[in-house]
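Biologist: Hello! I am new to this structure and would love a close look at one part of it. Could you take me through the helix packing around the nonpolar core, step by step?

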Amino acid sequence: TAASAGHIAAAWRLGELLDFGRGVRRDEREAVRWYRQAAEGGCPQAQSGLALLLEDGRGCDRDDEEALRWHLVAAERGMA
């Protein structure tokens with residue numbers, strides 16, 4: 001897939017689909033994986049999505065410090 005090939009927008013979109021169960025079985029653990037790939041690639045939507053999952057401990061261990069860091073990075077890129 002494009003996401004597997006490192007396409008940032010595709011990784012974000014796949015994370016979103018998995019996060020919300022749109023057209024696929026909901027899998028928050030996999031959503032974290034794909035959001036993280038896109039977030040590290042600079043996608044503010046993925047940075048925000050990852051922050052929310054980290055904040056709530058959905059699909060991963062809760063990590064308020066990392067969640068705050070991603071919220072701040074996303075905010076710097078225009079995600080309020």
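Modeller: Here is a walk through the core and the helices around it, with a few single residues along the way. Please keep in mind that this is a predicted model.

Let us begin in the middle. The largest nonpolar core holds 18 residues. Those with the most contacts inside this core are A46, L50, L54 and W70. Four helices each give two or more residues to the core: α1 (8-20), α2 (28-40), α3 (44-56) and α4 (64-76). The largest share comes from α2, with six residues.

A46 is a good residue to zoom in on. Leaving out residues up to four places away in sequence, A46 touches W12, Y35, A38 and A39. Two of the helix pairs we are about to visit draw on residues from that list: Y35 and A38 are on the α2 side of the contact with α3, and W12 is on the α1 side of the contact with α2.

Before we go from pair to pair, one idea helps. Two packed helices are described by the angle between their axes and the distance between the axes.

Take α2 and α3 to start with. Their axes come within 8 Å and cross at roughly 140°. Antiparallel is a label kept for angles over 145 degrees, and α2 and α3 are therefore oblique to each other. Their crossing is left-handed. On the α2 side, the residues that take part are E28, A31, V32, Y35, R36, A38 and A39, and they meet A46, Q47, G49, L50, L53 and L54 in α3. Sorted by class, the residues of this contact are nine nonpolar, two polar and two charged. Notice that A46, L50 and L54, which are among the residues with the most contacts inside the core, also appear on the α3 side here.

Now turn to the other neighbour of α3 in this tour, which is α4. The axes of α3 and α4 are 8 Å apart, and the helices pack at an angle of about 155°. That makes α3 roughly antiparallel to α4. This crossing, too, is left-handed. From α3 come P44, Q47, S48, L50, A51, L52, L54 and E55, which meet D64, E66, A67, W70, H71, V73 and A74 in α4. The contact has nine nonpolar, three polar and three charged residues. W70, named earlier for its contacts inside the core, is on the α4 side of this pair.

S48 deserves a stop of its own. This residue lies in helix α3, and S48 counts as buried because its relative accessibility is 17%. Setting aside neighbours within four places in sequence, S48 is in contact with A74 and M79.

Between α3 and α4 runs a loop, and R62 is found there. With a relative accessible area of 57%, R62 is exposed. Without counting neighbours within four places in sequence, R62 is in contact with L54, E55 and G57. R62 and L52 are 10 residues apart in sequence, and their C-alpha atoms are 9.9 Å apart in space.

The remaining pair on our route is α1 and α2. These helices pack at an angle of about 160°, with their axes 8 Å apart. That makes α1 roughly antiparallel to α2, and the crossing of the two is left-handed. I8, A11, W12, L14, G15, E16, L18, D19 and F20 in α1 meet E28, E30, A31, W34, Y35, Q37 and A38 in α2. By class, the residues of this contact divide into 10 nonpolar, two polar and four charged.

A10 is also part of helix α1. Its relative accessibility is 21%, so A10 counts as partly exposed; the cut-off for buried is under 20%. Apart from residues up to four places away in sequence, A10 touches A2 and A3. From A10 to P44 is 34 residues along the chain, and their C-alpha atoms are separated by 13 Å.

We can finish in the loop between α1 and α2, where G23 is found. G23 is exposed, at a relative accessible area of 84%. G23 and A67 lie 44 residues apart along the chain, with 27 Å between their C-alpha atoms.

Notes. Residues are numbered from 1 along each chain as its sequence is written. This is a predicted model: local features need pLDDT of at least 70, side-chain atom pairs count only at pLDDT 80 or more; totals for chains, interfaces and linings use all residues. Side-chain values use heavy atoms; hydrogens and water are left out. A nonpolar core is a set of buried Ala, Val, Leu, Ile, Met, Phe, Trp, Tyr and Cys residues joined through side-chain atoms within 4.5 Å. Buried means under 20% relative accessible area, exposed over 50%, partly exposed in between (1.4 Å probe, protein chains only). Contact means heavy atoms within 4.5 Å. Axes are lines fitted to C-alpha atoms, for helices over the stretch in contact, and angles run from 0 to 180 degrees between N-to-C directions. Angles under 35 degrees count as roughly parallel, over 145 as roughly antiparallel, 65 to 115 as roughly perpendicular and the rest as oblique. A crossing is left-handed if the near helix is turned anticlockwise from the far one by less than a right angle, and right-handed if clockwise. Ala, Val, Leu, Ile, Met, Phe, Trp, Tyr, Cys and Pro count as nonpolar, Asp, Glu, Lys and Arg as charged, and the others, Gly among them, as polar.
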